[in-house]
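Please load the model in your viewer and keep the selection box handy. We will go from one stop to the next, with something to select at each.

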Amino acid sequence: MASSSSAKQSNNKLRILLVPFFASSHIAPYADFAVRLAAARPGTVEPTVAVTPANVPVVRSALERHGAAASGLVKVATYPFPRVDGLAPGVENLSTAGDDAWRIDAAALNEALTRPAQEALLRERRPDAVVTDYHFFWNNGIAGELGVPCVSFSVIGPFSLLVMRLLDGTVRDGGSESQVVVVPGLPGPEIQIPVTELPEFLTRPANADDTRNLARAALSRCHGVAVNACQDIEQHYCEMYVRTGSLKRGYFVGPVSLPLPLAAAGTGGESPCIEWLGSKPRCSVVYVCFGTYAAISDAQLRELALGLEASGKPFLWAVRADGWAPPDGWAERVGERGMLVRGWAPQTAILAHPAMGAFLTHCGSSSILEAAAAGVPMLTWPLVFDQFIEERLVTDVLKIGERVWNGRRSTRYEEREVVPAEAVARAVARFLEPGGTGEAARGRARELAAKAHAAVAEGGSSYRDLHRLIDDLIEARAAAGGTTSTPVAPEKMGGSSDGV
């Protein structure tokens, strides 16, 4: 039987419930953030990541990256995925839905579909604080009814968030295909973006009850907004994002993917791709990965394969395309110079490897931050949503990368041009040649890496913001009347909870 003192200590823990969107690119950073919260105050903070059942493996995989030091720090709770017409049972993630990915997105933003299960979870568990994704704007209201603070955690960085806010409402009637917009009022270099490369929501008029208006209003009422970003890298954009959004508080706590000091040694060391990298010269390999969501045509995959072959450079390519195979004879011709990884790859460990020379990336926010934290320059190939905006952060602001292709590009799958193999080969070879543009970008990337690591180290900007967030949540709990009651066992609400 537990002693009364140990029971009191358990009750005094700050219990934080984190609720990410139904996508691996959101769930993994939420798990990383949970580890950071728990490790910042061992024995004081008890984070729980809440996902639907099919997304539990994504949480576990993310937690495993942090090694034994993260064991037992983070709990996992489940709640039922809403019933969605057209989705097969067990399809609960944007990354596994294929052509039906839009149904996942629509379900997540549909308050009538998704709110009931999340509200039941919050009311049964009664956490001391809620950390929620942008999509689930209603959780701020639920948290308010429970008398606990709600924090929105963004996996998209402040540069993109700010650009999208400043452009909202500036494109009239969808714009023309040839129109190029200049981001108004943005600090730093002028940013120009063709209308075809903007997220589609920016090119259509907003209704009074539009989700983005509801979400924006909820953000302004939140206790604060935490962002997977580093002030030392995006300082001006961090400050302006908080100020222009009328946000109460901003916490810039990234990069959350960096392993804990106790886990850094040996993380990912048993992976075959890490062993393969060990056979390659320093700064010689290009890592190719387009994230977990956006679809790429078979024709484009073929051109990419032939381009990597023709570049003459070593490459590690993480392919997420079921049923696709390289051209006949390709594997034999490439031989040991290239490695194809099907499905998941230990990206943070790959980027941290000394053999890594460049990252050919889709420009997802988390991937860009992970590359910058590893000091790896980037070849940019954006595909959807905010990735074309993030590309500008890499190429125009930080100057740690170059575009692969300057032809017609679009956030719409059906409007993309197929990038020819010759363009891929030329971009990769030029970027990795000694003394080339990639070398200068690598020098700047390494400066950013030093800043990123310093930020999360004791006394750094992200370290301070993380501890400030915890202190603010503890203070909010005390102001609300002290510790909350012990939560109801999850079995009573049809969910589950366990230590990981």
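The tour below visits a core, some helix pairs and a covered helix. Keep in mind throughout that this is a predicted model.

**Stop 1: the largest nonpolar core**

Start by selecting Phe33, Tyr287 and Leu316: within the largest nonpolar core, which has 104 residues, these three touch the most other members. Now colour helix H2, residues 24–40, which gives the most to this core, with nine residues.

Next, centre on Leu316 and show what surrounds it. Leaving aside neighbours within four places in sequence, Leu316 is in contact with Cys273, Trp276 and Leu277, with the run Val285, Val286, Tyr287 and Val288, and with Met339, Val341 and Ile350. A separate core of 33 residues lies apart from the largest one; to find it, select Ala23, Tyr79, Leu87 and Ala143, which are among its members. As background, nonpolar side chains in soluble globular proteins tend to be buried together.

**Stop 2: H2 against H3**

Keep H2 on screen and add helix H3, residues 56–64; the two axes are 9 Å apart and the packing angle is about 50°. Because of that angle, H2 is oblique to H3. The crossing is right-handed. For the contact itself, show Ser24, Ile27, Ala28, Ala31, Asp32 and Val35 on H2, facing Val58, Val59, Ala62 and Leu63 on H3. Colour these by class and you get eight nonpolar residues, one polar and one charged.

**Stop 3: H14 under cover**

Select helix H14, residues 365–374. How many of its ten residues are buried? Nine are, so to speak, under cover, and the helix is mostly covered. The buried ones are Ser365, Ser366, Ser367, Ile368, Leu369, Glu370, Ala371, Ala372 and Ala373. To see what covers them, switch on H2 again, together with helix H13 (347–351), strands S13 (356–361) and S14 (378–380), H15 and helix H17 (437–456), all included in the cover. Then step to Gly375, which follows H14 and has a positive phi, near 75°.

**Stop 4: H7 across H15**

H15 was part of that cover, so keep it selected and bring in a partner. Show helix H7 (residues 158–167) with H15 (residues 387–397): their axes come within 9 Å and cross at roughly 115°. This crossing, too, is right-handed. On the H7 side, pick Phe159, Ser160, Val163 and Met164, which meet Ile389, Glu390, Arg392, Leu393 and Val397 in H15. By class, this contact has six nonpolar, one polar and two charged residues.

How values were computed: Residues are numbered from 1 along each chain as its sequence is written. This is a predicted model: local features need pLDDT of at least 70, side-chain atom pairs count only at pLDDT 80 or more; totals for chains, interfaces and linings use all residues. Side-chain values use heavy atoms; hydrogens and water are left out. Axes are lines fitted to C-alpha atoms, for helices over the stretch in contact, and angles run from 0 to 180 degrees between N-to-C directions. Helices (H or I, at least four residues) and strands (E, at least two) are DSSP runs, numbered from the N terminus. A crossing is left-handed if the near helix is turned anticlockwise from the far one by less than a right angle, and right-handed if clockwise. Contact means heavy atoms within 4.5 Å. Ala, Val, Leu, Ile, Met, Phe, Trp, Tyr, Cys and Pro count as nonpolar, Asp, Glu, Lys and Arg as charged, and the others, Gly among them, as polar. A nonpolar core is a set of buried Ala, Val, Leu, Ile, Met, Phe, Trp, Tyr and Cys residues joined through side-chain atoms within 4.5 Å. Buried means under 20% relative accessible area, exposed over 50%, partly exposed in between (1.4 Å probe, protein chains only). Angles under 35 degrees count as roughly parallel, over 145 as roughly antiparallel, 65 to 115 as roughly perpendicular and the rest as oblique.
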